[in-house]
Amino acid sequence: MTGPATGTTDEATNEAVDEAVARAAAAGEAWRATPAAERAAVLEAVADALLKHAEELWPVAAEETRLPEARLRGEVARTAAQFRLFADVLRDGGWAEAVIDHPDPGATPPRPDVRRMNHPLGVVAVFAASNFPFAFSVAGGDTVSALAAGCPVVVKAHEGHPRTSDLTASVVRRALPDPDLLGLVHGFEAGAPLVRHPLVTAAGFTGSLAGGKAIQKLIDERPDPIPFYGELGSVNPVVVLPSADPAAVASGFAASLTLGVGQFCTNPGLVFVPAEGGFERAIAEAVAGTSGGPMLTAKIREGYLRASGRLAERLTVLAGGGEVDGITPRVFAAGLEAFADGLPELGEECFGPSAIVVRYRDPADLPAVLRRLPGSLTATVHAAGPEEARDLLPVLRRLAGRLIWNGWPTGVAVSWAMHHGGPWPASTTPAHTSVGAAAIRRWTTPVAYQDWPEDLLPPELRDGNPLGVPQRVDGRPRLS
């Protein structure tokens, strides 16, 4: 990704990227000026188009990824739901964060009339994910949130599902007022020129830690570094407290671990369990009843085998499931002290159906180890009541972006309140999310207007509030 163009293939790739970005930038001029309510109607049209063409979309994705029909149908529906959510976000108007401070000559120092709101950045580069060919790919959360913000998008398709990417882009483009608002480029070699392109103003990425670091390096080398929102890896620790039910924990864990052959960013990779109470035995029995399956790409499969092999060299194998396509779910075991001695290596993500079960004897020993873990997207607690977990909460709030009570991390709801981010390396900027309504904030920049005439102000910042958006006026919220 980082090398210079050296041959005709690279030159053709550079030309394709340059054309896609230039077209997107040109189309974006009208799109950023399109009222939010009209953009919302377009997003709903895209949602309708995705559902209308679901019977064409999922079979192509199934052939390329070997994911099952039910999973892919559900993912198309989820992707459409993301477009509908952001249509609601635009109609609500709160995304603009409109603030009005009227002049106050008596203030110290005297205050002029200042008004601020969010505006779209510009062309957004999106790197499609391997494990969700629809929901985190061409029409995924990065794309829809950027379009909602008023930004055109150029997507680098994932090599694992190129035909699905082409077909999805075709469906979405037909529902857009200008098809150039969604550009699509292919090939590993397209990543570097896309990130380096001077018209690209921000980038979104879901993938490996190595891939995210490579993109960040390219951005740092630009003459004008741009925002980078990456989701790079997560072990999603689960803390099981003594009052939890071993059978319920074991069955839920085994199902979550092996869902999608473990190829979810929210896969539970660490489980802390009491040494007493039969938790290890229950987990071993539950995992033994699972099986592997085909992984999305040969590269992912090879990475899983390498990572789980390294764990097998260092830890005791607690249980394994049935082998399918060369993939076996594997759970390893270690005592709390031995696990802590193996950090940070034992705290790294193994992408696939693999996890470490860590035994502890006293819950009071957990916070010191949890503080040493890398940042995660999620952290989960299983307990019968709140008092048992009270001392863990301050630690977990610093560890992960989403805290789960008596549930499992796989499955991320598309909603207003959802946060899908966390401290490094879960994401590059823990204050931002790639799922949910707040994802739109990544692709906007605030602009303050001082003493500007009313008729030149955006409607969101006018005293009459013609659009009826939420405003904060002189420090107080005003809904309409």
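How many bridges join β2 to β15, and do they run parallel or antiparallel? The views below take this up, starting with the sheet that holds both strands. Keep in mind that this is a predicted model.

**View 1. Five strands make up an open sheet.** Reading across, the order goes β15-β2-β1-β16-β17, and the pairing is mixed. Strands of a sheet pair through backbone hydrogen bonds, either parallel or antiparallel. Out at the edges you'll find β15 (444-450) and β17 (476-478). Each has a single partner strand, so one side of each is left without a neighbour in the sheet. From one strand to the next, the twist averages 25°.

**View 2. Here β2 sits alongside β15.** Back to the opening question: 7 bridges join these two strands, and they run antiparallel. For a spot to look at, try arginine 116, which stands opposite alanine 448 in β15.

**View 3. This close-up shows the second largest pocket.** Rolling a probe the size of a water molecule over the atoms shows where empty space is left. The volume of this pocket is about 300 Å³. Its lining has 16 residues, and the ones nearest the centre are Arg32, Ala33, Thr34, Arg39 and Glu460.

**View 4. What is the lining of the second largest pocket made of?** By residue type, the lining splits into 10 nonpolar, 3 polar and 3 charged. As for where they come from, α1 (8-33), α2 (36-52) and β2 (114-120) each supply at least two residues. The largest share, 4 residues, comes from β2, the strand that also pairs with β15 in View 2.

Methods:
Residues numbered from 1 in each chain as written. Predicted model: local features only at pLDDT ≥ 70, side-chain atom pairs only at ≥ 80, totals over all residues. Heavy atoms only, no water. 1 Å grid on protein atoms, 1.4 Å probe; cavity = no way out; pocket = protein on both sides within 12 Å on 5 of 7 lines; lining within 4 Å. Points joined across faces, edges and corners; volume = space filled by probe spheres on them. Nonpolar A, V, L, I, M, F, W, Y, C, P; charged D, E, K, R; others polar. Pairing = 2+ DSSP bridges. Axes fitted to C-alpha atoms, helices over the stretch in contact; angles between N-to-C directions.
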